[in-house]
Amino acid sequence: MEFSSDKEEIEHLKELLKNTSSSLRESNSYNLNELSNQTIHSASITQHTEFITLAVLIYSLSKLITRKSKFPEKKWDNFVKRFCNELNNASSELQENNMEEFSRHIDHAKELLTTLSPNQRQDVEEVMKKSSINKAGKIFEHGISLNRTAHLLGITPWELASYIGQGKSMENQYIKTIPIKQRIKFAQDFFS
Amino acid sequence: MKALIFDSGPLINFSINGLLDLLEKFHQNFDGKFIITSFIKSEVVNRPLKIRQFELGALRINQLIEKKILEFPSSIGLNDKDVEKETFNLTDRANHFLKSQNYWINLVSEAEMSCFAVANALKKKNIDSLIAMDERTARMLCEKPENLQRLMSQKLHKDIIQTNQNLQIQQCKIVRSTELAYIAFKKGLIKLNNPLALEALLYATKFNGSSISFNELEELKRL
């Protein structure tokens, strides 16, 4: 289904953009983290690029807020103002069903984050990279395959393999499909 | 003639754990071929070669290809175009298996499904095959697809509808890097003389992407 014709998802996204702006203005890291997790539910199903980019951006913001003292105050305030402005414009374009312009504003918002401070650029990029891997881990947890998830987030299976190995996603009761003795027998018979 | 078909997971897992030499040791006494598809090569060599963090791992895997430890489906008489066509067919089927509201859920990529495409083609030629795959989703689709529907409903808190799609992959046999490492240990291919060696080996595969639970690992240790 085309995202532009899904009214429920569009309303959800508009609400998300609004809440992200208010949480960013309030420097509420916890709320941003929650909003990012909510976005991942939709991203796992629809796999729309915009949802995925937003999930990564919002999670990155939740992390960067906790270290905002590293950035000059004036610069940070200016960034928040411009970032929220982009989200607001993106929301207006959504209302008009203008998806191309909506995506352009999301891309601008992303650019604002990466160019927030030339001195901290590497740190910001590192946070965004880790956010991508974290969000990939969440999408994988929801049942999407490793390669598919890596592709969606623009990372490699190499980056994702170790990350998911550290988590508890393999402990779910549904993941065990056949007894381990049977699987060992497959291997033993094959190499005998 | 037999064929062990590699998904990207076990190759990445063994590379990160410094265990790629095991494939050479396995290969020495194996009457058959180790196969990777071009889709897998792209994930384990072509793309990581452009990323410094993974360049060395990619080079090591590429060396296995150059030494013909890992070979392509054509080496076993399969037509590359046929494998590609079957890969797209299986991917399309898998990605039209579960639905949430109006959305088909894209579950898998071509890379994973290309392993099943090779296994299906070999079955038609009466060649015994085994897939080495750490990946959870594709494995579940093959062995217990209804569990994937249950898992996703649970995780997404939504009704996930399972269709009657014939996935055409149910006859395949899969092992993970953990089972391969276990067999290597039992065959004496791991030169590590320590009572903790087996445990360390099994956990190392889990922590680098093998879709195995802690309970299964403990069970394996006791076998």
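Helices, written α, are DSSP runs of H or I of at least four residues, numbered from the N terminus. In the predicted model described here, chain A holds nine helices and zero strands. Read along the sequence, the pattern of chain A is therefore written α-α-α-α-α-α-α-α-α.

The C-alpha trace of chain A spans about 70 × 40 × 25 Å along its principal axes. Chain A has 192 residues, of which 56% count as buried. Among its contacts between residues at least 6 apart in sequence, 64% join residues at least 24 apart. The area that chain A exposes is about 9,000 Å², and carbon and sulfur atoms supply 43% of this area. The charged side chains of chain A comprise 25 positive and 25 negative ones, and the centres of the two sets lie 7 Å apart.

The largest nonpolar core contains 141 residues. Within this core, B:Phe6, B:Leu107 and B:Phe116 touch the most other members. Helix α3 of chain A (residues 49-65) supplies the largest share of the core, with 10 residues. The surroundings of B:Phe116 can be listed in detail. When neighbours within four places in sequence are left aside, B:Phe116 is in contact with B:Leu90, B:Ile131, B:Met133, B:Ala138, B:Cys142, B:Ile169, B:Cys172 and B:Ile174.

Side chains of opposite charge can pair when their charged atoms come close. Over all chains, the structure holds 19 salt bridges. One of the salt bridges joins the side chains of A:Asp123 and A:Lys70, with an N to O distance of 3.9 Å. A:Asp123 lies in helix α6 of chain A (residues 121-141), whereas A:Lys70 lies in the loop between α3 and α4 (73-95), so the pair ties together parts that are 53 residues apart in sequence. Because partly exposed covers the range between under 20% and over 50% relative accessible area, A:Asp123 counts as partly exposed at 32% relative accessibility. A:Lys70 also falls in this class, at 47% relative accessibility.

A salt bridge is also formed by the side chains of A:Glu171 and B:Lys206, at 3.3 Å from N to O. This pair crosses between chains: A:Glu171 is in the loop between α8 (157-166) and α9 (180-191) of chain A, and B:Lys206 is in helix α10 of chain B (residues 197-207). The two residues fall in separate accessibility classes, since A:Glu171 is partly exposed with a relative accessible area of 30%, whereas B:Lys206 is buried with a relative accessible area of 1%.

Within helix α9 of chain A, A:Lys185 and A:Asp189 lie four residues apart, about one turn of the helix. These two residues form a salt bridge in which the closest N and O atoms are 2.9 Å apart. A:Lys185 counts as partly exposed, at 46% relative accessibility. A:Asp189 is likewise partly exposed, with a relative accessibility of 43%.

Salt bridges also occur as a linked set. A network of salt bridges links A:Arg183 with B:Arg139, B:Glu143, B:Arg176, B:Glu179 and B:Glu216.

Terms used
Residues numbered from 1 in each chain as written. Chains lettered and ligands numbered in written order. Predicted model: local features only at pLDDT ≥ 70, side-chain atom pairs only at ≥ 80, totals over all residues. Heavy atoms only, no water. Core = buried A, V, L, I, M, F, W, Y, C linked by side-chain atoms within 4.5 Å. Buried < 20%, exposed > 50% of the residue type's maximum accessible area, 1.4 Å probe, protein only. Helix = DSSP H or I, 4+ residues; strand = E, 2+ residues; numbered from the N terminus. Contact = heavy atoms within 4.5 Å. Areas by Shrake-Rupley, 256 points an atom, 1.4 Å probe, with all protein chains shown as cover. Lys, Arg positive; Asp, Glu negative; His and termini not counted. Charge placed at Lys NZ, Arg CZ, Asp CG, Glu CD. Salt bridge = Lys/Arg side-chain N within 4 Å of Asp/Glu carboxyl O.
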